[in-house]
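Me: I would like to learn how to read the cysteine bonds in a structure that I have not seen before. Could you take me through them step by step?

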Amino acid sequence: MGAFALALSTLTWGPQAVAEPGADADLAGLSEAQLVAPEQPGTGIPGVDEIRNSRNVKHLANLPKPAPFTETSTWSDLAFQDGYAFDGNYDGFVVYDIRNPHKPKIASTVLCPGSQNDISVRGNLLFLSTDSSRSDNSCSSTPLPATNKDAWEGIKIFDISDKRNPRYVAAVETKCGSHTHTLVPDKRGKDVYVYVSSYAPNATFPDCQPPHDLISIVKVPLKNPAGAALLSETVMFPDGGNPGKPGTVPAGYVTATSGCHDITVYPSKDLAAGACMGDGVLWDISDREKPREINRVQDDKNFAFWHSATFNNAGNKVVFTDELGGGGAATCNETIGKTRGADGIYDITGRGDNRKLEFRSYYKISRTQTDTENCVAHNGSLIPVQGRDIMVQAWYQGGISIWDFTDSRNPKEIGWFERGPLPNGKGGGAWSSYYYNGYIYSSDMAKGFDVLDIRDPRVLTAKFIRVGELNVQTQGSYRELFPR
């Protein structure tokens, strides 16, 4: 989840700031078609665990799931800080030492069940989302039906000042739990707000009653995290939001809005983009405690479930993702087509309260997947390329795509990586794929932690950008190294 200060902390001009010496020079003379061609062209469906990639993408490392986690521990989201990656999973989280991206190491593991364990970091604090009903807020809790009034869901907070020994310090219960969360720094640097996204109310759930047209806002004093408390339950859809449309994955459906799935904020621009089930929303967050709607859009033809959002660096575009099928369906095939289970690219036009989200185009990977492979648009981040809008994105078993949306009407892929289908029709694939300090890091639901390198002259300037902390859903801005 997002970067609090994606400003240039240091600039390193030596070899460690770029790819291996000569790597980009070797590619500089190739055409774009040659750069994105497979390294080893294959025919037919890739075999189990068979890796394929474009010429400009290299797979550097994989760390399988470590004990105490098991094959059924689903790897989820990522955050970064000072040469460490924090990888959530449904049973806890792992801290990886990535100071040498070619040889990542495990610094620590924390067993703390509570899906999805969506994760973010701020200073000495780590935040986890619990969106499964538990017997209590401890890491030794057991499952409990949501129909039980005593069931607990919400936000957990850890102290990570010692990366090898994270320490649990606080928890805050929130309505309908916390499917995802977004950190929002206050303007004084003393507190952090946690925008909690949750949904799917049910009349039989005492702590998750319909209507659920709100986000929970938790306020955390950075010097006293034990004082974290629920600040408000802010209604964001007083009109109820999109009422939805019934249907199935092949026939098409629209999920009714009952809260949000994910929120991305751009604090320096006082903006937030909400991916809220049946609605895409642009909010003013100049008052961190009272987000205010500027504009809202719906796409009942092609978007089934508004899942996540990414601003470009200029803050005048938003990429929304549609998680058609909830992440468990095979939607990257000819039956579904190119405009569903895809990204929607929107320009932000106008100024102030007159700003609008204007649709421009869809983007979807072109590599057809099998009918056993769950594949749909999922979590990605900007690659800080000077003068262009380029992002890397996870597509579950569709792999990882690097694509350029500088021209909002004509997005195009410039690199990719994928594995063959998992055996016996199992689900899995890349949950989150993010760019951090020169490399791509990916959390694979089934395979664990991957490190990749994109070696391409079109993204060379990104190699010079260095940040200390990166939570993707809290976007910061990077400055032009070479102003035009």
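Reply: What follows is a short conversation about the disulfides shown here. This is a predicted model, in which local features need pLDDT of at least 70 and side-chain atom pairs count only at pLDDT 80 or more, while totals for chains, interfaces and linings use all residues. Residues are numbered from 1 along each chain as its sequence is written, and side-chain values use heavy atoms, with hydrogens and water left out.

Me: What is a disulfide, and how many does the structure hold?

Reply: A disulfide is a covalent bond between the sulfur atoms of two cysteines. Here the term is applied to a pair of cysteine sulfur atoms within 2.5 Å, and the structure holds four disulfides. With the bonded cysteines of the chain numbered in sequence order, the pairing reads 1-2, 3-4, 5-6, 7-8.

Me: Which parts does the pair of cysteine 176 and cysteine 208 tie together?

Reply: Cysteine 176 and cysteine 208 are joined with an S to S distance of 1.9 Å. Cysteine 176 lies in the loop between strand 10 (167–173) and strand 11 (180–185), and cysteine 208 in the loop between strand 12 (191–197) and strand 13 (214–221), so the bond ties together parts 32 residues apart in sequence; strands are DSSP runs (E, at least two residues), numbered from the N terminus.

Me: Why is the disulfide of cysteine 332 and cysteine 375 called left-handed?

Reply: The torsion about the S-S bond of cysteine 332 and cysteine 375 is about -75°, so this disulfide is left-handed.

Me: Are cysteine 332 and cysteine 375 buried or exposed?

Reply: Buried means under 20% relative accessible area, exposed over 50%, and partly exposed in between (1.4 Å probe, protein chains only); cysteine 332 and cysteine 375 are both buried.

Notes: Helix = DSSP H or I, 4+ residues; strand = E, 2+ residues; numbered from the N terminus.
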